[in-house]
2 protein chains.
Amino acid sequence: MPSPLDPIGPPSVETAAGRATMKDVADRVGVSRQLVSLVLRDLPGASPTTRQRVREAASELGYYPDTSARTLRGRRSFQLGVVFTMHEPFEVDLVEALLTEAAERGYSLVLGPLTAARPERLVVPQLMGQRIEGLIVLAADGGSSSVSDLPERIPIVQLGGPRSKGPVDDVRVDDEAGIALLVDHLVSLGHTAIAHATGGSGPNARARVEAYEAAMRRSGLLPDVVESAYTEEAGSHAAEVLLTRSELPTAVLAANDRCASGVLLTLVSRGVAVPADISVVGFDDSSVARLPFVQLTTVRHDPVRLASEALDSITARIEDPTRPTVAHRDAPSLVVRRSSGPARAGGASA
Amino acid sequence: MPSPLDPIGPPSVETAAGRATMKDVADRVGVSRQLVSLVLRDLPGASPTTRQRVREAASELGYYPDTSARTLRGRRSFQLGVVFTMHEPFEVDLVEALLTEAAERGYSLVLGPLTAARPERLVVPQLMGQRIEGLIVLAADGGSSSVSDLPERIPIVQLGGPRSKGPVDDVRVDDEAGIALLVDHLVSLGHTAIAHATGGSGPNARARVEAYEAAMRRSGLLPDVVESAYTEEAGSHAAEVLLTRSELPTAVLAANDRCASGVLLTLVSRGVAVPADISVVGFDDSSVARLPFVQLTTVRHDPVRLASEALDSITARIEDPTRPTVAHRDAPSLVVRRSSGPARAGGASA
DNA sequence: AACACAAACTAGCACGTGCTAGCACCCGCG
DNA sequence: CGCGGGTGCTAGCACGTGCTAGTTTGTGTT
């Protein structure tokens with residue numbers, strides 16, 4: 001247990017028991033605390049000589065400015081909360097892009113990773129307590145397609161993930177355009193039997209199914225929907241289901257890259273040649289798509305562009321809370337790799 | 001840009017312009033601020049009726065206790081910093097375990113993910129500014145095997161990752177025991193030509209190579225080291241290198257699961273049967289090892305146990321900074337899946 | 001009726017910093 | 001010699017909460 005050994009009287013001048021404070025730095029140099037404050041914030045009003053000495057003293061004492069005191073006193077916190085999942089590679093990419101982009105705009109992020117033991121119900125209040133000026137939501141509990149209850153009175157941006165109840169700003173990939181790119185790509189390669197392994201009940205899964213069906217009908221083709229989910233396991237299972245058919249489709253469009261890699265690698269390990277026997281395409285251009293033994297044709301979304309757009313949205317709303325909500329749909333681009341090729345001529349049996 | 005439109009006079013009584021404060025809650029109920037403080041911290045000294053009314057008022061006003069003010073005033077912060085990488089799946093598992101275990105001990109974590117744009121040099125000072133009482137280090141810049149400079153005068157625990165200069169507490173898997181488990185497993189299956197795909201310059205890679213060599217010699221076998229790294233790409237490349245040989249080894253021991261999956265899936269996609277032609281084993285039992293088309297025999301380390309051990313270490317050092325440093329080596333366990341089997345009789349050519 | 005005592009509640013300082021205001025000094029000018 | 005104005009620096013309050021030390025209220029006991 002922590003012992004109450006802290007000194008009774010005022011801490012000694014040279015080195016207090018606890019961490020060094022601005023006062024300690026000031027005393028060491030022989031100036032006022034305020035001057036140290038100016039120097040460390042790079043504000044004008046201190047001579048070059050003093051600046052130098054203050055910096056040295058701060059470094060010698062191992063001084064780190066106290067963020068708590070800073071945010072408490074400052075008018076603004078310049079902090080944004082982020083709700084996400086560390087298990088989803090593309091979300092990780094987005095968060096890293098957000099970190100960089102936020103720093104460039106003078107904001108810092110408070111990360112609120114969702115976990116089995118830390119659902120939204122616990123994470124969001126914790127973020128709210130940190131004086132965040134806005135909330136960027138990437139994920140919902142259990143990969144659900146909608147978030148439960150978000151605080152009011154604070155700017156919120158949905159980034160790529162689930163939908164929320166109320167009308168909030170919303171930045172995401174244009175699912176419809178992306179799916180259309182993939183279907184058209186496959187059609188141009190002569191494919192007509194194109195199956196879709198869905199994202200199940202995950203975010204945007206429904207929209208992608210509908211986009212797939214629309215694109216197929218536009219090309220005069222019959223939709224072929226196979227229930228799946230946004231994971232490798234689910235993709236693997238979908239492949240197994242396809243393999244029980246008397247005839248395989250000539251192409252599979254999976255709801256995301258993880259699912260696609262599950263489909264592809266399961267087919268390959270069953271001796272089905274990709275893309276000779278069957279083409280497999282994904283969605284996201286996550287790191288898995290670039291693996292040498294995957295080489296997935298997919299649709300790329302730029303995390304940096306998405307992050308930038310999300311930050312523009314939220315900073316704009318912070319400055320003008322009354323502005324109308326916007327829905328930004330980022331145009332994705334097709335990335336052709338080795339997992340797609342011309343449709344096989346005859347029908348190969350499973 | 002932020003406009004200085006904040007109200008000049010004191011904010012209105014009912015609903016201030018900014019966020020609700022404890023005072024606002026107190027005014028609404030008609031009690032003192034201190035009493036609200038007691039209620040919200042679940043301390044004794046308030047009647048059940050008052051508790052109820054305070055809780056209701058707080059909820060109605062959307063009140064969230066200000067962490068900054070709390071940390072600033074409180075004697076202790078009960079916060080621990082964590083330096084890690086979001087791209088390494090096992091680190092993510094560890095961080096999630098740390099979040100849970102820390103909460104159970106009354107601590108909260110301040111996450112400091114490393115990024116290309118946010119190296120240790122920037123992340124560590126930012127954590128230090130948050131009043132952390134200790135630092136848990138999982139990763140180093142660029143997957144390097146040692147951390148550069150860590151702050152003094154603060155308890156530090158290395159968890160599974162790189163080594164640091166000074167003598168600090170150190171919790172990690174027993175590499176030697178884990179590698180020995182794998183080699184012995186393969187030997188018992190009749191393997192004699194066992195290659196090792198290394199972790200390159202990554203954390204613990206050197207220790208694993210040495211453990212491999214020692215285990216091989218102990219069984220009277222000749223070590224066969226293939227340079228690689230802790231990634232799927234590197235594993236894939238190592239497999240390509242092996243395939244150029246006139247004869248494949250009968251088993252490959254990869255430095256971690258990511259590398260192993262690269263080896264395995266590349267071999268499979270080249271038509272080599274696993275485990276009929278060659279066995280592949282990994283290290284970590286990360287999520288990839290469980291994928292249906294991978295089914296990797298590997299060595300499991302329990303993230304929860306490691307996290308728990310790390311937290312025990314750091315909390316002990318916080319309470320007694322003079323205690324001697326400890327090096328905890330967690331005993332791993334063998335997980336046999338379908339990627340390993342009896343050694344093939346003859347020598348299959350590549 | 002006076003007292004002790006716990007329960008319920010309140011008063012005021014302190015945490016480390018940012019912010020506004022102001023002071024002391026030096027310089028050049030009239 | 002006084003006056004204006006910039007430069008370098010300091011004084012003191014405020015942020016929202018936790019902590020210590022009270023003060024009032026209610027209840028039972030002598």
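In this predicted model, D285(A), R290(A), R300(A), D302(A) and R337(A) hang together in a network of salt bridges (a salt bridge being a side-chain nitrogen of Lys or Arg within 4 Å of a carboxyl oxygen of Asp or Glu). One link in that network pairs R300(A) with D302(A), with the closest N and O atoms 4.0 Å apart. R300(A) is partly exposed at 30% relative accessibility, and D302(A) is partly exposed too, at 23% (buried means under 20% relative accessible area, exposed over 50%, partly exposed in between, with a 1.4 Å probe and protein chains only).

Searching the whole structure turns up 42 salt bridges over all chains. Here are a few of them.

| Pair | N to O distance |
|---|---|
| R28(A) and E60(A) | 2.3 Å |
| R131(A) and D66(B) | 2.9 Å |
| D66(A) and R131(B) | 3.1 Å |
| R300(A) and D302(A) | 4.0 Å |

Take R28(A) and E60(A), whose side chains meet at 2.3 Å, N to O. R28(A) sits in helix α1 (residues 22-29) of chain A and E60(A) in helix α3 of chain A, so this pair ties together parts that are 32 residues apart in sequence (helices, H or I of at least four residues, and strands, E of at least two, are DSSP runs numbered from the N terminus). R28(A) is partly exposed, at 38% relative accessibility.

Now for the chain A and chain B interface, which has two salt bridges. In one, R131(A) bonds with D66(B), closest N and O atoms 2.9 Å apart. R131(A) is in the loop between α6 and β3 (134-137) of chain A and D66(B) in the loop between α3 (48-61) and α4 (67-73) of chain B, so the pair joins two chains. D66(B) is buried, with a relative accessible area of 13%.

As for the wider interface, 51 residues of chain A are in contact with 51 residues of chain B (contact means heavy atoms within 4.5 Å). The two chains bury about 4200 Å² between them, 63% of it on carbon and sulfur atoms (buried area is the accessible area, 1.4 Å probe, that two parts lose on being put together, summed over both). Y64(A), M86(A) and F293(A) supply 16% of the area that chain A buries against chain B, more than any other three residues.

Some bookkeeping: residues are numbered from 1 along each chain as its sequence is written, with chains lettered from A and ligands numbered from 1 in the order in which they are written. Local features need pLDDT of at least 70 and side-chain atom pairs count only at pLDDT 80 or more, while totals for chains, interfaces and linings use all residues, and side-chain values use heavy atoms, leaving out hydrogens and water.
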